[in-house]
Amino acid sequence: MLLEGKKGLVVGIANKRSLAWGIAQSVSREGARLAVTYQGERLEENVRKLAEELTDPVILPCDVTRDEELDALAEAVRREMGSLDFVVHAVAFALREELDGEYVQTSREGYRIAQDVSSYSLTALARRMVPLMEAKGGSIVTLTYLGGPRVVPHYNVMGVAKAALEASVRYLAADLGPRGIRVNAISAGPVKTIAASGVHGISKMLEYHRRHAPLRRNTEQSEVGDAAAFLVSDLSRGVTGDVLYVDSGFHVMGMAELDPAAS
Ligand code: NAD
């Protein structure tokens with residue numbers, strides 16, 4: 001198995017549709033032992049129930065906006081697992097009203113929240129988890145979307161947060177590379193999760209994606225999971241600071257159709 005004997009932390013499971021859960025399933029199938037987190041008591045039961053499928057999981061609370069919870073998480077992971085080989089960050093949030101209409105209407109508070117939860121949290125998590133990885137080296141993976149480097153209707157402030165997240169991946173890769181720690185992102189095509197449902201018009205986005213992606217289908221949770229298993233494994237040992245697209249090839253298209261009636 002690809003990840004036999006490896007230990008990882010997965011942050012961002014809310015329910016069975018979460019991309020983080022797809023990743024947890026893939027890396028666990030490949031032999032990794034996991035610590036998984038839940039954001040607040042509301043999600044604890046969901047995560048505990050899902051984690052019954054994992055082998056000897058560690059289940060811990062973590063709100064990424066609270067430094068004391070991140071500190072406690074690092075301490076608990078050290079106590080329960082000793083060290084880590086990889087960290088998966090699959091967390092994002094923006095106020096619902098910011099994910100509709102025009103970006104130009106973004107509020108100061110809406111901007112701050114999106115950046116804090118969806119972008120800074122990667123750096124905040126990395127700061128705490130690097131000491132658990134640096135003895136042997138490791139891999140950090142986050143999740144991003146095409147709405148960062150390009151404009152996607154209604155993605156708005158979350159696109160700006162993803163652009164900052166992708167820049168963070170590059171800066172973290174440069175800082176942590178000399179310590180043997182790699183940092184990469186997976187840019188997933190749209191998948192109907194709780195987070196994605198907050199974006200106005202998500203069903204139309206899914207349909208557009210399915211019609212225009214080279215593979216002519218939507219992205220599946222398991223495809224993201226398997227790509228993450230690759231990025232946290234030694235198979236990707238030469239890759240850092242990069243964004244791997246798992247989107248049926250959608251991002252390579254410049255113009256999808258000349259005659260809309262033909263598709
Ligand atoms: P999801 O709703 O299942 O997961 C989002 C997670 O973020 C949840 O587990 C939620 O608890 C967590 N979260 C939000 N605020 C938090 C906080 N303050 N502290 C701790 N956790 C917090 O949705 P998802 O689509 O699986 O999202 C996971 C990641 O994938 C996000 O970064 C998202 O932007 C990214 N992504 C999703 C898609 C998609 O279409 N679903 C596409 C590309 C990238």
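These legends accompany a set of close-up views of a predicted protein model.

**View 1. Confidence across the predicted model.** Let's begin with how sure the predictor is. Mean pLDDT for the protein is 97, and 98% of its residues reach 70 or more. Among the elements, strand 4 (residues 86-89) has the highest mean pLDDT, at 99, while helix 6 (residues 194-197) has the lowest, at 94. Helix 6 returns in the next view, as a contributor to the lining of the largest pocket.

**View 2. The largest pocket and its lining.** The largest pocket holds about 1,200 Å³ of space. It is lined by 45 residues, and those closest to its centre are Val-91, Ala-92, Phe-93, Ile-194 and Ala-195. Many elements take part: at least two lining residues each come from helix 1 (19-29), strand 2 (33-38), helix 2 (41-51), strand 5 (138-144), helix 5 (156-176), strand 6 (181-188), helix 6 and helix 7 (202-212). Helix 6 gives the most, with 4 residues. If you are thinking about chemical character, the lining divides into 30 nonpolar, 11 polar and 4 charged residues.

**View 3. The second largest pocket.** Here the space amounts to about 450 Å³. Of the 21 residues in its lining, Val-152, Pro-153, Met-205, Tyr-208 and Phe-250 are the closest to the centre. By class, the lining of the second largest pocket has 12 nonpolar, 7 polar and 2 charged residues. Keep Phe-250 in mind, as this residue is also among those lining the largest cavity.

**View 4. The enclosed cavity.** The count of cavities of 30 Å³ or more comes to 1. The largest cavity has a volume of about 40 Å³. Around it you will find Tyr-145, Leu-146, Ser-187, Ala-188, Gly-189, Pro-190, His-209, Asp-247 and Phe-250. These lining residues split into 5 nonpolar, 3 polar and 1 charged.

**View 5. Ser-236, a buried loop residue.** Ser-236 sits in the loop that runs between helix 8 (221-232) and strand 7 (243-246). Its relative accessible area is 0%, so Ser-236 counts as buried. What does the side chain of Ser-236 reach at 3.1 Å? The partner is the backbone oxygen of Ser-233. Setting aside neighbours within four places in sequence, the contacts of Ser-236 are Arg-182, Phe-230 and Leu-231. Of these, Arg-182 lies 54 residues away along the chain, and its C-alpha atom is 9.3 Å from the C-alpha atom of Ser-236.

**View 6. Ser-83, beside strand 4 in sequence.** Our last stop is the loop between helix 3 (67-81) and strand 4, where Ser-83 is placed. Is Ser-83 buried or exposed? Ser-83 is buried because its relative accessible area of 18% falls under the 20% cut-off. The side chain of Ser-83 makes a polar contact of 3.3 Å with the side chain of Lys-7. Beyond residues up to four places away in sequence, Ser-83 touches Lys-7, Leu-132 and Lys-136. Lys-7 therefore appears twice in this view, as a polar partner and as a touching residue, around a serine that is buried at 18% relative accessible area.

Key
Residues are numbered from 1 along each chain as its sequence is written. This is a predicted model: local features need pLDDT of at least 70, side-chain atom pairs count only at pLDDT 80 or more; totals for chains, interfaces and linings use all residues. Side-chain values use heavy atoms; hydrogens and water are left out. On a 1 Å grid over the protein atoms alone, a cavity is a set of points where a 1.4 Å probe fits but cannot get out, and a pocket is an open set with protein on both sides within 12 Å along at least five of seven lines; lining residues have an atom within 4 Å of a point. Grid points are joined across faces, edges and corners, and a volume is the space filled by probe spheres set on the points. Ala, Val, Leu, Ile, Met, Phe, Trp, Tyr, Cys and Pro count as nonpolar, Asp, Glu, Lys and Arg as charged, and the others, Gly among them, as polar. pLDDT is the predictor's confidence in each residue, from 0 to 100. Buried means under 20% relative accessible area, exposed over 50%, partly exposed in between (1.4 Å probe, protein chains only). A polar contact is a pair of N or O atoms within 3.5 Å; within protein, one must be able to donate a hydrogen and the other to accept it, and residues adjacent in sequence count only if both atoms are side-chain atoms. Contact means heavy atoms within 4.5 Å.
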